[in-house]
Amino acid sequence: MVTALAQTCIHHPARPGAALCMRCHQVVCQECATTWDGINYCRPCLALQRARTLPRSPAWLILSRIGLAACWVVLMGVVARLMAWSLAQVGSWLS
Amino acid sequence: MAVLGGAVDGIACFDRGVLLVTRTPRALALLWLCILPVRLLTLVLVLQVLALRGDARMAAGTLETLALLATLAWPLSIWGRGMYVRACRLTMAGAPPSWRALVGVPWVHVATQLHAALVLEVVFWATLPLVAVAPFVPPLTAVAAATAPSAGLGWWKPIRGLGLPAGYGALALASTAGLVGVALVTLNLYVVAMGLLWAASASGMAVASWIPLLSLTHPLFDGLLLVGGTVAMEPVFLAIVVAIVDQAHARSTGDDLRLWFAQLRARGEPSAAAVLPPSAVAADADAAVPR
């Protein structure tokens, strides 16, 4: 239950609360609340949400994809070695 | 159709999955072709280990070569699973896939699945000697295939995509049913092999040399039966997992309720209009897309 004290804006105590930020669940005033995709956010949470959805630069994307591909090659080598090792372990238990 | 409640309806997903398998014959054949090489190469590796037993550690080079061959054949099975998941989704949407649609799996989906499945493979083979963890990994590889189109490519997204908060009960049920299915198919294959042997013998063919080969004491025959069982059941299990993942996703996004209201309205039942304001009903009608 929201108390009378919490019904003022968390950033502007003199202003009445007008909305609830759906990320941090704090009461905010009309000026601090922004509706995005039908959901109310306060300014700091909106900034965080925006940072998450900002498109990465092409160079970062290419580097990331090359990194992923290199990771897959290494992991496939690891899988092959692990496969041989674990089956050899099982084989030694069977003897 | 049960749409209310928290958990995914495992029985309904099972029925839906089995129905999907019967409606995707081309994708089924293609999936079998894609998964057979890795299964057979793994079988060769296991047979080698069984033959070596205590000396298996001494022959590490041979085993590693065979393991590397199996690992190189493995991406083909990943592509096959991606193709089959796509075929299931297209069939569920009411558009049976053409050959072109089947082979045109977006590379991002394959790469996303590859990333999650590689991590799971590492976990599987690293924990195989411990026995306790390894059995939980194969169902998750099917989940990786089913969630790849929505998870997104990245370092953590494919792993995070494996989460099915509402679907683990149904997944456990599907895994148990899958295990029973593998046992039944393997048994049926054995009966078929024995039937063929009997028919060949009855028709006067010389089968004496086949009798020791088609015996349960022969590791190659046992392995081939097991490979047959797992290969036959894989599309069924994958289709059930696709149904589970879709229902879990629908529950988390509210799509199932939208569909339910749309069906109520289509049947002329007044309850949907009575519980929703006119604006919400209008917006809901626009948003309701049968899956």
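Colleague: Let's start with chain A. Among its contacts between residues at least 6 apart in sequence, what percentage join residues at least 24 apart?
Modeller: Keep in mind that this is a predicted model. Two residues count as touching if their C-beta atoms, placed from the backbone, lie within 7 Å. Take the chain A contacts between residues at least 6 apart, and the share joining residues at least 24 apart is 4%.

Colleague: And chain B, what does its share look like for residues 24 or more positions apart?
Modeller: Here the pool is the contacts in chain B with a separation of 6 or more. Residues 24 or more positions apart account for 75%.

Colleague: What is chain A built from, and in which pattern?
Modeller: Chain A has two helices and four strands. Follow the sequence along and the pattern comes out as β-β-β-β-α-α.

Colleague: How many helices and strands does chain B have?
Modeller: Start at the N terminus and the elements go α-α-α-α-α-α-α-α-α-α-α-α. Counted up, that is 12 helices and zero strands.

Colleague: How much of each chain is buried, and what is the figure for chain B?
Modeller: A residue is called buried if 20 or more other C-beta atoms lie within 10 Å of its own. In chain A, 19% of the 95 residues pass that test. For the 291 residues of chain B, the figure is 34%.

Colleague: Where do the two chains meet, and which elements of chain B give two or more residues to that side?
Modeller: The contact involves 25 residues of chain B and 20 residues of chain A. By class, the chain B side has 18 nonpolar, three polar and four charged residues. The elements giving two or more residues there are α2 (25-52), α3 and α5 (107-127) of chain B.

Colleague: How does helix α2 of chain A cross α2(B), and at roughly what angle?
Modeller: α2(A) covers residues 58-94, and its axis comes within 8 Å of the axis of α2(B). The crossing is right-handed. As for the angle, the axes cross at roughly 35°.

Colleague: Which residues of α2(B) make that contact?
Modeller: By class, the contact of α2(A) with α2(B) has eight nonpolar, one polar and no charged residues. From α2(A) come L87(A), A88(A), V90(A) and G91(A). From α2(B) come L45(B), V46(B), V49(B), L50(B) and L52(B).

Colleague: Why does the span of α2(A) agree with what is expected, and how far apart are its end C-alpha atoms?
Modeller: α2(A) has 37 residues, so at 1.5 Å a residue it should span 54 Å. That agrees with the model, where the end C-alpha atoms are 53 Å apart.

Colleague: What covers the buried residues of α2(A)?
Modeller: The buried residues in α2(A) include W85(A), L87(A), A88(A) and G91(A). Part of their cover comes from chain B. The cover includes α2, α3 and α5 of chain B.

Colleague: Now stay inside chain B. How do α2(B) and α3(B) run relative to each other?
Modeller: Their axes come within 8 Å and cross at roughly 160°. Angles over 145 degrees count as roughly antiparallel, so α2(B) is roughly antiparallel to α3(B). The residues in this contact divide into 23 nonpolar, five polar and no charged. The crossing itself is left-handed.

Colleague: L36(B) sits in which helix, and is it buried or partly exposed?
Modeller: L36(B) lies in helix α2 of chain B. Its C-alpha atom is 9.6 Å from that of L76(B), which is 40 residues apart from it along the chain. L36(B) has 17 C-beta neighbours inside 10 Å, so it counts as partly exposed.

Colleague: What about α3(B) and α6(B), which residues of α6(B) touch α3(B)?
Modeller: The axes of α3(B) and α6(B) come within 9 Å and cross at roughly 65°, so the two helices are roughly perpendicular. That crossing is right-handed. On the α3(B) side the contact uses R81(B), G82(B) and V85(B). On the α6(B) side it uses A145(B), A146(B) and A148(B).

Colleague: Last one: which residue just after α8(B) takes a positive phi?
Modeller: Helix α8 of chain B has 35 residues and reaches 50 Å, close to the 51 Å expected. Its buried residues include A170(B), L171(B) and T186(B). Just after this helix, a positive phi of about 95° belongs to G204(B).

Terms used. Residues are numbered from 1 along each chain as its sequence is written. Chains are lettered from A and ligands numbered from 1 in the order in which they are written. This is a predicted model: local features need pLDDT of at least 70, side-chain atom pairs count only at pLDDT 80 or more; totals for chains, interfaces and linings use all residues. Axes are lines fitted to C-alpha atoms, for helices over the stretch in contact, and angles run from 0 to 180 degrees between N-to-C directions. Angles under 35 degrees count as roughly parallel, over 145 as roughly antiparallel, 65 to 115 as roughly perpendicular and the rest as oblique. A crossing is left-handed if the near helix is turned anticlockwise from the far one by less than a right angle, and right-handed if clockwise. A residue is buried if 20 or more other C-beta atoms lie within 10 Å of its own, exposed if 12 or fewer, and partly exposed in between; C-beta atoms are placed from the backbone. The expected span of a helix is 1.5 Å times one less than its number of residues. Ala, Val, Leu, Ile, Met, Phe, Trp, Tyr, Cys and Pro count as nonpolar, Asp, Glu, Lys and Arg as charged, and the others, Gly among them, as polar.
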